[in-house]
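Subject: Structure handover

Hello,

Here is the structure I promised to pass on. Please open it first, then read the notes below it.

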Amino acid sequence: MAQTTTMTSVLVVDDHQVFSEALELLLRRQPDVRLVGSARGAAEAFGMLEDEPDVVLMDLYMPGVDGIEATRRIREIAPNTKVVLLTAVQRPEVIADALAAGACGYVPKTRAADELMDVIRRAAAGELVMPEDDLGPVVEHLQGGRRASDAQALLSLTPREVEVLGALALGSTPGDIASQLGISSMTVQSHVKNILAKLGVHTRIEAVTLAWRHGLTRTAGAA
């Protein structure tokens with residue numbers, strides 16, 4: 001029996017025409033990617049979310065509505081869509097703001113094509129995508145935005161839920177966590193569902209970002 005390929009729908013939002021066209025060409029060549037469109041700015045992108053693409057590749061610096069505000073609005077319009085920021089400049093405080101707005105990570109524009117495709121596929125699977133060396137500085141900035149209500153929600157987690165959340169923050173997949181903790185994948189999924197409900201968030205990425213703000217989880221490269 002032939003194996004069915006899971007297609008990932010992608011929307012490109014970038015005001016640099018040459019870069020955008022090169023990216024579109026790359027995406028069209030991928031057998032498991034469906035390019036749903038390309039927007040030259042945030043306003044145009046908002047009108048292309050009806051079918052909730054799996055991933056939006058968003059330029060961070062654009063005239064008018066920038067990538068961070070655009071990410072916030074896209075997450076409101078299409079909560080199931082993952083947003084990955086594309087940027088030529090990696091400033092920890094800016095990346096932290098993007099994560100707080102709902103982005104699932106970022107990728108430098110200088111990365112090779114195969115790395116970019118890996119990022120897209122991981123983002124579509126619900127993973128946090130970010131160069132490991134940048135985690136520490138980004139977490140430090142996230143911790144500057146703590147809220148008492150968030151801290152109270154985190155205190156409601158059981159020790160096992162904290163363990164699972166910590167593993168997610170280190171980039172482990174649910175399958176990895178099941179192996180690490182010696183529990184079933186279904187049990188991991190149950191823990192994740194409970195974590196999201198207790199923290200009042202919708203995705204694993206939002207849960208990890210919230211935990212980072214309060215120093216609940218340690219990350220590679222974090223102090």
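The notes below go from the overall fold to single residues.

**Overall**

Keep in mind that this is a predicted model. The protein chain has eleven helices and five strands. It runs to 223 residues, and buried residues make up 48% of them. I also looked at contacts with a separation of 6 or more. Residues 24 or more positions apart account for 69% of these.

**The nonpolar core**

The largest nonpolar core holds 67 residues. Six of its members touch the most other members: L27, L57, M58, V84, L165 and L199. Which helix gives the most to this core? That is helix α11, residues 204-213, with six residues.

L57 is a good place to start looking. Set aside residues up to four places away in sequence, and L57 touches V10, L11, V12, V13, L23, L27, V84, L86 and I120. Two of these partners, L27 and V84, are also on the list of core members that touch the most others.

L165 belongs to helix α8, residues 159-169. The buried residues in this helix are E161, V164, L165, G166, A167, L168 and A169. After α8 comes G171, with a positive phi near 95°.

**D14 and K109**

This is the site I would show you on screen. D14 lies in the loop between β1 and α1. Is D14 buried or exposed? D14 counts as buried, because its relative accessibility is 0% and the cut-off for buried is under 20%.

The side chain of D14 meets that of K109 in a salt bridge, 3.1 Å from N to O. The pair links distant parts of the chain, 95 residues apart. K109 sits in the loop between β5 (106-108) and α5 (113-124). D14 sits between β1 (8-13) and α1 (17-28). The contact between the two side chains also counts as a polar contact, at 3.1 Å.

K109 itself is partly exposed, since its relative accessibility is 23%. So the bridge joins a partly exposed lysine to a buried aspartate.

Two further points concern this site. D14, D59 and K109 are linked in a network of salt bridges. The charged end of K109 also sits over the ring of F19, 4.6 Å from the ring centre.

What else is D14 in contact with? Leave out the neighbours within four places in sequence. The partners are then F19, S20, A39, R40, D59, M62 and K109. F19 therefore appears twice here: in contact with D14, and under the charged end of K109.

**Other salt bridges**

The count comes to twelve salt bridges. Here are two more of them.

- R111 pairs with E115, and the closest N and O atoms are 3.3 Å apart. R111 is partly exposed at 37% relative accessible area. E115 is partly exposed as well, at 36%.
- E127 pairs with R122 at 3.2 Å, N to O. E127 is partly exposed at 21%. R122 is partly exposed at 26%.

**Aromatic pairs**

How many aromatic pairs does a search of the whole structure find? The search finds zero.

**Two single residues**

E52 is found in the loop between α2 (42-46) and β3 (55-59). What is unusual about its backbone? Most residues other than glycine have a negative phi. E52 has a positive phi of about 45°, although it is not a glycine. E52 counts as partly exposed, because its relative accessibility is 28%.

L155 is in helix α7, residues 148-155. This leucine counts as exposed, because its relative accessibility is 67% and the cut-off for exposed is over 50%. L155 and K198 are 43 residues apart in sequence. In space they are 9.6 Å apart, C-alpha to C-alpha.

**Where to look**

Start with D14, K109 and D59, which share a network of salt bridges. Then go to L57 and its contacts, among them V10, L23 and I120. Finish with E52 and its positive phi.

Best wishes

Note on methods
Residues are numbered from 1 along each chain as its sequence is written. This is a predicted model: local features need pLDDT of at least 70, side-chain atom pairs count only at pLDDT 80 or more; totals for chains, interfaces and linings use all residues. Side-chain values use heavy atoms; hydrogens and water are left out. A salt bridge is a side-chain nitrogen of Lys or Arg within 4 Å of a carboxyl oxygen of Asp or Glu. Helices (H or I, at least four residues) and strands (E, at least two) are DSSP runs, numbered from the N terminus. Buried means under 20% relative accessible area, exposed over 50%, partly exposed in between (1.4 Å probe, protein chains only). A nonpolar core is a set of buried Ala, Val, Leu, Ile, Met, Phe, Trp, Tyr and Cys residues joined through side-chain atoms within 4.5 Å. Contact means heavy atoms within 4.5 Å. Rings of Phe, Tyr and Trp (its six-membered ring) pair if their centres lie within 6.5 Å; planes under 30 degrees apart count as stacked, over 60 as edge-to-face and the rest as tilted. A charge sits over a ring if NZ of Lys or CZ of Arg is within 6 Å of the ring centre and within 35 degrees of the ring normal. A polar contact is a pair of N or O atoms within 3.5 Å; within protein, one must be able to donate a hydrogen and the other to accept it, and residues adjacent in sequence count only if both atoms are side-chain atoms.
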